[in-house]
Amino acid sequence: MSTPHVVVVMGVAGTGKTTIGPLLAAELGVPYAEGDDFHPAANIAKMSAGTPLDDSDRWPWLDAIGQWAHDRAGLGGVVSSSALKRVYRDRLRAEAPGAVFLHLTGDRALIEERMAKRKGHFMPTALLDSQFATLQPLQDDESGIAVAVSGTPEEITQRAVAALRRLEN
């Protein structure tokens, strides 16, 4: 890509943000930041207990991710964040106006199967329904692309890179 963008890899839990994000960052030659690392301990405890976060839980988390993205403006970077609602993406864009969103998409059955295979992650599959209920896909006026999560992580990453390059033109 000619101008280094900050790419926010978004989607419901289990779509592969933590897998695709680092692969995409390596392919683009920019750093990767794991969105889950920006969560305060209280948020992780709440989700680990099977309780969905509310917006008041999410604002400090989104602000921290937005600050990281702001600091990477013009330098490029990839960060993961579920960014399920438009208002969450708007909040991230308020900090980092040039951010581009990569929405990883897939059907519920595939995503639940992948979540069930994960080891040591705090997000239980029980919260998947709330994730899908909350999800507001990217709208036409938002800078971003959607990429299906079928196939290998490498195939998904290559589709994402190609779509990001098309977005530039």
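This report looks at charged pairs, two buried residues and the nonpolar cores of the structure above, which is a predicted model.

**Salt bridges**

The structure contains 12 salt bridges, and three of them are set out in the table below with the separation of their closest nitrogen and oxygen atoms.

| Pair | N to O distance |
|---|---|
| Arg58 and Asp55 | 3.5 Å |
| Asp63 and Arg91 | 2.7 Å |
| Arg93 and Glu142 | 3.0 Å |

The pair formed by Arg58 and Asp55 belongs to a single helix, helix 3, which covers residues 55-71, and because these two residues stand three places apart in that helix, about one helical turn separates them. Their surroundings can be described separately: Arg58 counts as buried, with a relative accessibility of 10%, whereas Asp55 is partly exposed at 25%.

A salt bridge also joins Asp63 to Arg91, with 2.7 Å between their closest N and O atoms. Asp63 sits in helix 3 and Arg91 in helix 4 (residues 86-95), so this pair ties together parts that are 28 residues apart in sequence. Asp63 is partly exposed, with 27% relative accessibility, and Arg91 is likewise partly exposed, with a relative accessible area of 30%.

For the third pair, Arg93 and Glu142, the closest N and O atoms are 3.0 Å apart. Arg93 is part of helix 4, while Glu142 is in the loop between helix 6 (128-134) and strand 5 (144-148), so the salt bridge ties together parts that lie 49 residues apart in sequence. Arg93 is buried at 16% relative accessibility, and Glu142 is buried with a relative accessible area of 7%. Through salt bridges with shared partners, Arg86, Arg89, Asp90, Arg93, Asp141 and Glu142 are joined into one network.

**Two buried residues**

Which side chain of opposite charge is nearest to Lys17, a buried residue without a salt bridge? That side chain belongs to Asp36, and it is 6.8 Å away; since a salt bridge requires the nitrogen and the carboxyl oxygen to be within 4 Å, a separation of 6.8 Å does not qualify. Lys17, which is found in helix 1, does however have a polar atom of its side chain 2.9 Å from the backbone oxygen of Gly11. Beyond its neighbours within four places in sequence, Lys17 is in contact with several residues, including Val9, Tyr32, Ser80 and Leu104.

Thr15 is located in the loop between strand 1 (6-10) and helix 1 (17-28), and its relative accessible area is 1%, so Thr15 counts as buried. The side chain of Thr15 reaches a backbone oxygen, that of Val12, at 2.9 Å. When neighbours within four places in sequence are left aside, Thr15 has contacts with Leu104, Ile111, Arg114 and Val149.

**Nonpolar cores**

The largest nonpolar core has 18 residues, of which Val7, Val9, Leu24, Val78, Leu102 and Leu104 touch the most other members. At least two residues of this core come from each of strand 1, helix 1, strand 4 (100-105), strand 5 and helix 7 (153-168), and helix 7 provides the largest share, five residues. A second core of 16 residues is separate from it, and Val8, Ile65, Ala83 and Leu92 are among its members.

Val9 links two of these topics, since its contacts beyond four places in sequence include Lys17 as well as Leu24, Val78, Leu102 and Leu104.

Technical notes
Residues are numbered from 1 along each chain as its sequence is written. This is a predicted model: local features need pLDDT of at least 70, side-chain atom pairs count only at pLDDT 80 or more; totals for chains, interfaces and linings use all residues. Side-chain values use heavy atoms; hydrogens and water are left out. Helices (H or I, at least four residues) and strands (E, at least two) are DSSP runs, numbered from the N terminus. Buried means under 20% relative accessible area, exposed over 50%, partly exposed in between (1.4 Å probe, protein chains only). A polar contact is a pair of N or O atoms within 3.5 Å; within protein, one must be able to donate a hydrogen and the other to accept it, and residues adjacent in sequence count only if both atoms are side-chain atoms. Contact means heavy atoms within 4.5 Å. Lys and Arg count as positive and Asp and Glu as negative; His and the chain ends are not counted. A nonpolar core is a set of buried Ala, Val, Leu, Ile, Met, Phe, Trp, Tyr and Cys residues joined through side-chain atoms within 4.5 Å.
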